[in-house]
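Please open the structure in your viewer and set the display so that both the backbone and the side chains can be selected by residue number. The tour below moves from one selection to the next and says what is to be found at each stop.

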Amino acid sequence: MSSKNTVKVSVSGENILNLPLLEGTLGPRVIDVRKLYSDHGYFTYDPGFTSTASCESSITFIDGEKGILLHRGYPIQELASQSSFMEVAYLLLHDDLPDLDQLNHFRSEITHHTMLHEQLIYFYRGFRRDAHPMAIMVGIVGALSAFYHDSLDIADPDQQKLAVIRMLAKMPTIAAMAYKYSQGQPFVYPRNDLSYAANFLHMMFSLPVEPYEVSPVMERAMDRIFILHADHEQNASTSTVRLASSSGANPFACIAAGIACLWGPAHGGANEAVLEMLQEIRTPDRIPEFLARAKDKDDPFRLMGFGHRVYKNYDPRASVLRESCYEILEDVGNGSEPLLELALTLEKKALADPYFQEKRLFPNVDFYSGIIFKAMGIPTSMFTVLFAVARTVGWLSQWKEMIEDPKMKIGRPRQLYKGHQKRKFVPVNERNS
Ligand code: CMC
């Protein structure tokens with residue numbers, strides 16, 4: 001290997017280690033430390049994986065410095081403005097945009113798997129009515145593996161494909177039913193004549209006594225939100241899905257694990273937290289008080305919807321959603337305009353504040369999605385559920401890529417041990433109290 005392709009590491013001025021240097025299509029070069037322990041007896045230390053590439057992937061690329069997000073090479077802004085969620089889902093799973101026949105076939109496959117096994121529907125009744133819908137999502141998606149035995153064998157490509165189609169198709173149904181259950185309303189079954197986004201809105205808002213007319217603006221906004229959340233490289237929930245699947249666990253169990261991780265407020269739970277924060281701030285004159293709290297090291301409060309592990313620039317998804325906010329508010333209004341005004345003022349003030357500038361904290365995708373959801377009439381507790389519905393295709397694409405990768409190994413991080421040295425066991429009656 002030429003010295004151009006290796007990195008020399010000296011430890012305590014001695015032992016020169018030669019580590020291979022790997023080059024991706026885009027992004028920083030990667031030091032290959034796979035043999036570091038077996039050949040040299042060292043571990044690397046990187047809690048939170050801030051500098052660690054956990055896998056090789058061809059699905060999504062992010063340049064956090066420049067605010068770039070590409071899916072299979074296509075910029076997110078172009079996908080959001082010119083394609084549909086079904087096209088993006090196909091793209092993520094298959095590496096290429098579909099032609100019209102492929103798209104129609106894919107749509108039809110999804111449409112014909114949207115119903116749930118009728119017995120699975122009884123599962124909902126085991127939950128309290130006031131259960132958080134994310135808790136229901138984790139439970140029901142995990143339970144899919146008890147119902148669809150013919151799509152559990154990950155070594156069989158046909159079963160793999162069936163599991164992908166089933167999960168993608170059923171996720172909106174599962175989510176809408178979680179909402180209906182919390183409202184004490186009858187479940188609404190999917191309709192084959194509607195698009196993915198319109199069908200979800202129909203299952204959320206239709207009643208047996210009053211069918212719901214899906215407005216084209218709402219349908220488009222929902223579809224765009226699905227596109228913007230579809231995948232995001234090796235984030236916490238995606239890495240959870242990959243880690244769970246590295247043991248050979250079934251696909252439904254892996255996606256349930258991803259949903260559980262997404263629920264956290266530092267990840268998918270942030271859009272719910274943004275709305276709660278805006279409602280707590282209430283009026284623009286209170287913004288300085290909340291900014292001061294966000295900057296105070298002794299206060300755990302953070303400005304929700306701001307900051308990102310990877311983006312040190314404006315999150316490109318947030319720019320698209322900012323525009324969608326105006327469109328949707330014009331269509332439905334719903335009394336959410338003051339909330340948008342408050343969010344815009346908060347954003348302006350935070351971006352002008354030296355603390356946020358120095359730490360390079362910009363609005364992320366969650367800053368605006370909550371306002372759109374609220375204007376659509378979607379309750380706060382469903383915000384993260386919608387994120388999960390959209391992200392399912394990303395999780396599935398990453399899951400598929402992983403199990404097809406011949407280099408796949410069970411995920412097994414090591415540690416920097418800081419506990420006791422070996423010590424002698426003392427029987428309980430001989431221990432000094
Ligand atoms: N408000 C105030 N200070 C912040 C914020 C914030 N929102 N975010 C980061 N900081 C500060 C943080 O206190 C730290 O300061 P210091 O260096 O003085 O200790 C510095 O900025 C770096 O923060 P970090 O926590 O080390 O950065 P991270 O990469 O580990 O965290 C984050 C990223 C998204 C968890 C964090 O920015 C955050 O908690 N944001 C609010 C929650 C949020 O909006 N999450 C949605 C993320 S995007 C959607 C998704 O991926 O699910």
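A residue is called exposed here when its relative accessible area is over 50%, buried when that area is under 20%, and partly exposed in between. The model is a predicted one, and that should be kept in mind at each stop.

**Two arginines in loops**

Begin by selecting Arg-282, which sits in the loop between α12 (270-281) and α13 (287-295). Its relative accessibility is 56%, so Arg-282 counts as exposed. Look next at the backbone of Arg-282, where phi is near 65 degrees, a positive value in a residue that is not glycine. Most residues other than glycine have a negative phi.

Then move to Arg-360, in the loop between α16 (354-358) and α17 (365-376). Here too a residue that is not a glycine has a positive phi, of about 55 degrees. Is Arg-360 exposed or partly exposed? With a relative accessible area of 33%, Arg-360 is partly exposed, because that value lies between the limits of 20% and 50%.

**The strands β1, β2 and β3**

Select residues 6-11 and 14-22, which are strands β1 and β2; they run antiparallel and are joined by six bridges. To find one point of this pairing, pick Val-9, whose bridge partner in β2 is Leu-17. The hairpin of β1 and β2 has two residues between the strands, and Ser-12 in this hairpin takes a positive phi near 50 degrees.

Adding residues 30-31 to the selection brings in strand β3, which pairs with β2 in the antiparallel sense over two bridges. Leu-22 is a good residue to label at this stop, with Val-30 as its bridge partner in β3.

**Helix α7 and its contacts**

Now select helix α7 (residues 157-183) together with helix α18 (residues 383-404), whose axes come within 9 Å and cross at roughly 170 degrees. An angle over 145 degrees counts as roughly antiparallel, so α7 is roughly antiparallel to α18. Showing the side chains brings up the contact, in which α7 contributes residues including Val-164, Met-167, Leu-168 and Met-171, while α18 contributes, among them, Val-389, Val-393, Leu-396 and Trp-399. By class, this contact of α7 with α18 has twelve nonpolar, two polar and two charged residues.

Keep α7 selected and add helix α4 (residues 100-111), which packs against α7 at an angle of about 70 degrees, with the axes 8 Å apart. That angle makes α4 roughly perpendicular to α7. On the α4 side the contact is made by Phe-106, Glu-109 and Ile-110, and on the α7 side by Lys-161, Ile-165, Leu-168 and Ala-169. By class, the contact of α4 with α7 has five nonpolar, no polar and two charged residues. Leu-168 of α7 deserves a label of its own, for it takes part in the contact with α18 and also in the contact with α4.

**The cysteines**

How many disulfides does the structure hold? The number is zero. Select Cys-55, which is in no disulfide and for which the nearest cysteine sulfur, that of Cys-254, is 14 Å away. Cys-55 is partly exposed, with a relative accessible area of 28%. Finish at Cys-261, which is likewise in no disulfide, the nearest cysteine sulfur being that of Cys-254 at 13 Å. Cys-261 is also partly exposed, at a relative accessible area of 24%.

Note on methods: Residues numbered from 1 in each chain as written. Predicted model: local features only at pLDDT ≥ 70, side-chain atom pairs only at ≥ 80, totals over all residues. Heavy atoms only, no water. Helix = DSSP H or I, 4+ residues; strand = E, 2+ residues; numbered from the N terminus. Buried < 20%, exposed > 50% of the residue type's maximum accessible area, 1.4 Å probe, protein only. Axes fitted to C-alpha atoms, helices over the stretch in contact; angles between N-to-C directions. Parallel < 35°, antiparallel > 145°, perpendicular 65-115°, else oblique. Contact = heavy atoms within 4.5 Å. Nonpolar A, V, L, I, M, F, W, Y, C, P; charged D, E, K, R; others polar. Pairing = 2+ DSSP bridges. Disulfide = S-S within 2.5 Å.
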